[in-house]
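Reader: I have a structure to look over, and I would like to talk through its cysteines and one of its pockets. Could you walk me through it?

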Amino acid sequence: YIRHHQHLLHPVLSRSVTQSEYRRPGKPREDKPPWQKINFSFSKGLDGIRKHLTLLKKEFLERWVGPQGKPILEHMLEQNRVVWEFRGPESLEQWTVSSDFEIGGQSEAYLKLGRNNTTCFLYGTLRSTPPKDGETRYSGYCSMRSKQPLASFDRKQHHDWTSFNTLHLRVRGDGRPWMINIAAETYFSHQKDDIYSYFLYTRGGPYWQEVKIPFSKFFLAHRGRVQDDQHPLWLDKINTIGFTLGDKADGPFQLEIDYIGVIKDYAHTEEFAYELYKRNPEV
């Protein structure tokens, strides 16, 4: 009797206590052990050691000067910072492009430098036809995301934006709405898919537009679902930022980005734009 009920309860307990790794529909499970994914190469190892020792030396020298190699006074009085700008082929190496083509969809996305190699040009074709794998019901997305910054020996590095309160972009689009996604470091493993999002409405046409979005407007979502329990974005450990298109309007698209930065807007005093629930309200 006990053995029979343990057999029934075991799957329920395992799903409630731990959260399984997300697997895209149509993608087979990966059963390879971790050591089989390692590429053992002597020359690659020497190049890696040389690269990481150079990064480690840079880290030590920058800390003698101040945060991120800037004098402490300049760091304290900083009111705007350009985090990403596109001025050459090496700047595109900090970004990855993906689409539903990876799960069997038909959308395509490409990234290249714009005119005079001074902008980033994201373009492609959006198609919302789902793949015929028997599992996927919806499809049609293209995205571009910055890579996780790494310190020496592949240690995680984070963007610290605590001195700023607004995201500043200079973009030129084709009139489509985009979603801006910001991922921050989390303390618990089940929060690794948490992401903060807000909307980017492009005007279209030949003119550039300056977009300023306060961080207080970004709302919390988990695997595409907006959460009831909202809390502000922690700006001290930002990992990545991304742009996603999924407006179900099939056809070509393009988005050109000049730079992505952060600013301190003293006129903006809002802490968080959404309702916060108190678990233990005052009587």
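Author: Happy to! This is a predicted model, and C142 is a good place to begin, with a relative accessibility of 1%.

Reader: Is C142 buried or exposed at that value?

Author: The cut-off for buried is under 20% relative accessible area. C142 has 1% relative accessibility, so C142 counts as buried.

Reader: And what is the relative accessible area of C120?

Author: C120 falls under the 20% cut-off too, so this cysteine is buried. Its relative accessible area is 0%.

Reader: How many disulfides does a search of the whole structure find?

Author: A disulfide needs two cysteine sulfur atoms within 2.5 Å. Searching the whole structure for such pairs gives a count of zero.

Reader: Now the second largest pocket: which helix gives the largest share of its lining?

Author: The pocket holds about 1,200 Å³ of space and is lined by 34 residues, with E62, Q68, P149, Q157 and H158 nearest its centre. Both α2 (42-65) and β1 (80-85) supply at least two lining residues. The largest share, seven residues, comes from α2.

Reader: How many of the lining residues are charged?

Author: Domain 1 (41-77) and domain 2 (79-263) each give at least three residues to this lining. By class, nine lining residues are nonpolar and 13 are polar, while the charged ones number 12.

Reader: Back to α2, which of its residues are buried?

Author: This helix has 24 residues and spans 36 Å between its end C-alpha atoms, close to the expected 34 Å. Its buried residues are G48, H52 and E59.

Note on methods
Residues are numbered from 1 along each chain as its sequence is written. This is a predicted model: local features need pLDDT of at least 70, side-chain atom pairs count only at pLDDT 80 or more; totals for chains, interfaces and linings use all residues. Side-chain values use heavy atoms; hydrogens and water are left out. On a 1 Å grid over the protein atoms alone, a cavity is a set of points where a 1.4 Å probe fits but cannot get out, and a pocket is an open set with protein on both sides within 12 Å along at least five of seven lines; lining residues have an atom within 4 Å of a point. Grid points are joined across faces, edges and corners, and a volume is the space filled by probe spheres set on the points. Helices (H or I, at least four residues) and strands (E, at least two) are DSSP runs, numbered from the N terminus. Ala, Val, Leu, Ile, Met, Phe, Trp, Tyr, Cys and Pro count as nonpolar, Asp, Glu, Lys and Arg as charged, and the others, Gly among them, as polar. Domain bounds come from an automatic or database domain assignment. The expected span of a helix is 1.5 Å times one less than its number of residues. Buried means under 20% relative accessible area, exposed over 50%, partly exposed in between (1.4 Å probe, protein chains only).
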